[in-house]
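Trainee: I should like to look closely at a single part of this structure. Could you please choose one residue and describe the surroundings in which it sits?

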Amino acid sequence: MTEGTTTAAAEGADTLTRLEQEGEIAADYLEGLLDIADLDGDIDMDVEADRASVSIISDAQGRDLQKLVGRDGEVLEALQELTRLAVHRETGDRSRLMLDIAGYRAQKRTELAELGAKAAAEVKSTGEPVKLKPMTPFERKVVHDAIKSAGLRSESEGEEPQRFVVVLPA
């Protein structure tokens with residue numbers, strides 16, 4: 001092994017350790033929140049795409065957890081930001097942690113990937129740019145990834161909260 005390979009491997013291990021630590025801090029914070037709210041849920045931690053990923057899941061129908069998702073994921077977004085702040089307070093580093101509750105983001109990711117694929121197909125057939133409705137940063141990221149995998153380009157335009165994706169011809 002060369003010195004550069006060893007250094008890269010050590011940096012990768014350090015990053016994984018840091019992300020796992022973020023997940024543990026977030027899980028502790030969310031456990032406390034679930035206790036205070038008297039809600040049942042299990043915490044699942046993972047590292048995906050260089051981000052800590054934490055999910056709250058429930059064996060029951062998850063009706064109680066839907067309260068933590070809110071309308072159009074608004075409560076989920078707020079809880080994600082609070083959890084990121086809790087991680088920042090403990091580590092001193094900005095967190096890009098992703099939070100999912102009751103599979104809401106996983107389902108949303110699937111829907112958005114389909115939306116991106118449909119928009120890409122429309123742009124390929126007409127050759128004209130397509131503007132999508134305003135989306136959250138998470139939603140835009142998923143759509144940008146779907147557009148890229150379809151071999152096209154996309155850009156975000158507008159100001160929050162009215163920022164939207166424009167799908168462009170190749």
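**A residue in helix H3 and its surroundings**

Mentor: Leaving out residues up to four places away in sequence, Thr83 touches Ala26, Tyr29, Leu30, Leu97 and Leu99. Please bear in mind that the model is predicted. Thr83 is buried, because its relative accessible area is 0%, and a residue counts as buried when this value is under 20%.

Let us turn to the helix that holds this residue. Thr83 belongs to helix H3, which comprises residues 74-91. This helix has 18 residues, and the distance from its first C-alpha to its last is 26 Å, close to the 26 Å expected at 1.5 Å a residue. Which residues of H3 are buried? They are Leu76, Leu79, Gln80, Thr83, Arg84, Ala86 and Val87. These residues lie on the same side of H3, because they cover an arc of only 160° around its axis. The face turned away from that buried side carries the exposed residues Leu85 and Arg89. Just after the helix, Gly92 takes a positive phi of about 85°.

We may now ask what H3 lies across. The helix lies across strands S2 and S3, and it runs at about 135° to S3. Those two strands are part of an open sheet of three strands, in the order S1-S2-S3, with mixed pairing. Strand S1 (42-48) and strand S3 (98-101) are the edges of this sheet: each has a single partner strand, so one side of each is left without a neighbour in the sheet. From one strand to the next, the twist averages 20°. Strand S2, residues 51-57, pairs with S3 in the parallel sense over four bridges. Within this region, Ser55 stands opposite Asp100 in S3.

The next matter is the nonpolar core. In soluble globular proteins, nonpolar side chains tend to be buried together. The largest nonpolar core here has 17 residues, and those that touch the most other members are Leu34, Val54, Ile56, Leu65, Leu68, Leu99 and Ile101. One of these, Leu99, is also among the residues that Thr83 touches. Two or more residues of this core come from each of helix H1 (3-37), S2, helix H2 (63-69), H3 and S3. The element that gives the most is H1, with four residues. Leu34 is in contact with Leu39, Gly41, Ile43, Ile56, Leu65 and Leu68, when neighbours within four places in sequence are left aside. There is also a second, separate core of 15 residues, which includes Ala119, Val123, Val130 and Leu132.

Finally, let us place this part within the protein chain. The chain has five helices and six strands, and along the sequence these follow the pattern α-β-β-α-α-β-α-β-α-β-β. Of its 170 residues, 34% count as buried, Thr83 being one of the buried residues. Among contacts with a separation of 6 or more, 55% are made by residues 24 or more positions apart. Along the principal axes, the C-alpha trace spans about 55 × 50 × 30 Å.

Conventions:
Residues are numbered from 1 along each chain as its sequence is written. This is a predicted model: local features need pLDDT of at least 70, side-chain atom pairs count only at pLDDT 80 or more; totals for chains, interfaces and linings use all residues. Side-chain values use heavy atoms; hydrogens and water are left out. Two strands pair if DSSP finds at least two bridges between them. Axes are lines fitted to C-alpha atoms, for helices over the stretch in contact, and angles run from 0 to 180 degrees between N-to-C directions. Contact means heavy atoms within 4.5 Å. The expected span of a helix is 1.5 Å times one less than its number of residues. Buried means under 20% relative accessible area, exposed over 50%, partly exposed in between (1.4 Å probe, protein chains only). The arc is that of the directions from the helix axis to the C-beta atoms. A nonpolar core is a set of buried Ala, Val, Leu, Ile, Met, Phe, Trp, Tyr and Cys residues joined through side-chain atoms within 4.5 Å.
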